[in-house]
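Let us walk through this structure one element at a time, beginning with a single strand and widening the view from there.

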Amino acid sequence: MPSTKQVAWAQLRVGIMAIGALVLLFVLVFLLTGDKSLFVKKAVLYTYLDDSAALTVGSAVRLNGIVIGRVTDVALSGEKTPNRIIRLQMEIERQYLTSIPTDSLAAIAAENVLGTKFINIKSGHKPETIPADGTVPSLDTREFDEVVQSGYALLTSAQGMLKRLDNIIGLVESGKGSIGRLLVDDELYQRANSILAETQKLTTALGSNKGTVGKLIYDDQLYGDIRASLGRLDAILADVQEGKGTAGKLLRDPALYDETRKSVAEAHTLLANLNAGQGTAGKLLHSDQLHQQISATIMKLDGTIDRMNAGQGTVGQLLVNPQLYENLNGATKEMNGLMKDFRANPKKFLQIQLKLF
């Protein structure tokens, strides 16, 4: 049977192990809750907002993006002043108080549109710093709400686009539309396969020096003919540059240039004379008297035509008098008959008499 001393020693060891387990459990709880600085001095700061934006206790507090503490309380402040409706209590490491000037600003931020929210303190520039239990000025949370709302609108639009894309993919998978037929239509596949086969045959024919195109690629004689033609063309261009032939003279002969220039000058002089009213053509362009004479002649001609249309004069009677037309037509017929009789029996009309003195 164990002695009293042994039992007491066993109980002491059990108690020490229990205390060690409790300490270990306490450390694990603090590590799991994100607070790794167990023996660092803390300081409390406050900030006021118009809306908490679903910020919860335990959310991180960051200074220019660096975690310096956490939110310990989110409650109504009881005030009605704008941007002071919600009071946030923040517990930070005391060593960071000297890095938070009095003109620093606190605002709710998020890692992304739907990410975890946190308090981000943007450091100011004044030499004075906020003391413990002090208040950090805050930005208007309405700006953050607008960002979130715009993110929701973007997500809604993206969701609509995804739905339409899903419908399009469904149509393609079911073989509807041009793209769907390209994917599932076996007849189209067979046609494409036959086209590829014909293309391969054509490529083989080209590579085997057959057909017109194949000869264009591989025939040395055709290459020689093309080279000879280029040589002749080069010779023609050389002759032209040297001033030979008609084209060469057109390019190189200064006499032709002088004649052309002279012709241009004469044409210029002729146009100047026309504009000055000299010569017949110039008078036709500028003489009012000639214009009046032409107008009078045209008026007289118009009057003559009017009288002819009215049946005045011989020509007018010929145009409008049917009796005169009939008489002329009858005389023409009689003359035609007389000519026929004359050709048929000329002796009837021609008699030769011989008289002796």
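Along β2 the side chains alternate, with Val61 and Leu63 pointing to one face and being buried, while Ala60 and Arg62 point to the other face and are not buried. Here buried means under 20% relative accessible area, exposed means over 50% and partly exposed lies in between, computed with a 1.4 Å probe on protein chains only. Strands such as this one (E, at least two residues) and helices (H or I, at least four residues) are DSSP runs numbered from the N terminus.

Before going further, the basis of these statements should be clear: this is a predicted model, in which local features need pLDDT of at least 70 and side-chain atom pairs count only at pLDDT 80 or more, whereas totals for chains, interfaces and linings use all residues. Residues are numbered from 1 along each chain as its sequence is written, and side-chain values use heavy atoms, with hydrogens and water left out.

Strands of a sheet pair through backbone hydrogen bonds, either parallel or antiparallel. In the present analysis two strands pair if DSSP finds at least two bridges between them. Strand β2, residues 60-63, pairs with β6 in the parallel sense over three bridges, and it pairs with β3 in the antiparallel sense over four bridges. Arg62 takes part in both pairings, since its bridge partner in β3 is Val67 and its bridge partner in β6 is Asn120. Leu63, in turn, has Ile121 as its bridge partner in β6.

The antiparallel pair β2 and β3 forms a hairpin with two residues between the strands, and Asn64 in the turn has a positive phi of about 55°. Most residues other than glycine have a negative phi, and most peptide bonds are trans. Asn64 sits in the loop between β2 and β3 (66-76), and because its relative accessibility is 48%, it counts as partly exposed.

These pairings belong to an open sheet of six strands, in the order β1-β4-β3-β2-β6-β5 and with mixed pairing. Its edge strands are β1 (42-49) and β5 (105-110), each of which pairs on one side only. From one strand to the next the twist averages 35°, where angles run from 0 to 180 degrees between N-to-C directions and axes are lines fitted to C-alpha atoms, for helices over the stretch in contact.

The largest nonpolar core has 21 residues, and those with the most contacts inside it are Leu45, Val61, Ile92, Ile100, Ile119, Ile121 and Val136. Such a core is a set of buried Ala, Val, Leu, Ile, Met, Phe, Trp, Tyr and Cys residues joined through side-chain atoms within 4.5 Å. The elements that give two or more residues to this core are β1, β2, β3, β4 (86-93), β5 and β6, and the largest share, four residues, comes from β4. Among the core residues just named, Ile119 is in contact (heavy atoms within 4.5 Å) with residues that include Leu49, Val61, Val71, Leu88 and Ile108, leaving aside neighbours within four places in sequence.

The loops add further detail. Ser52 is found in the loop between β1 and β2, and because its relative accessibility is 18%, it counts as buried. Apart from neighbours within four places in sequence, Ser52 is in contact with Val74, Ile86 and Ile108.

What lies in the loop between β6 (117-122) and α2 (141-173)? Thr129 has its place there, and at 34% relative accessibility it counts as partly exposed. Although Thr129 and Thr102 are 27 residues apart in sequence, their C-alpha atoms are 5.1 Å apart in space. Not counting residues up to four places away in sequence, Thr129 touches Leu97, Thr98, Ile100, Pro101 and Thr102. Asp133 also lies in the loop between β6 and α2; its phi is near 65°, a positive value in a residue other than glycine, and at 54% relative accessibility it counts as exposed.

Further along the chain, helix α8 (residues 254-276) and helix α9 (residues 279-286) pack at an angle of about 45°, with their axes 7 Å apart. They are therefore oblique to each other, given that angles under 35 degrees count as roughly parallel, over 145 as roughly antiparallel, 65 to 115 as roughly perpendicular and the rest as oblique. The contact is made by Leu274, Asn275 and Ala276 of α8 together with Ala281, Gly282, Leu285 and His286 of α9.
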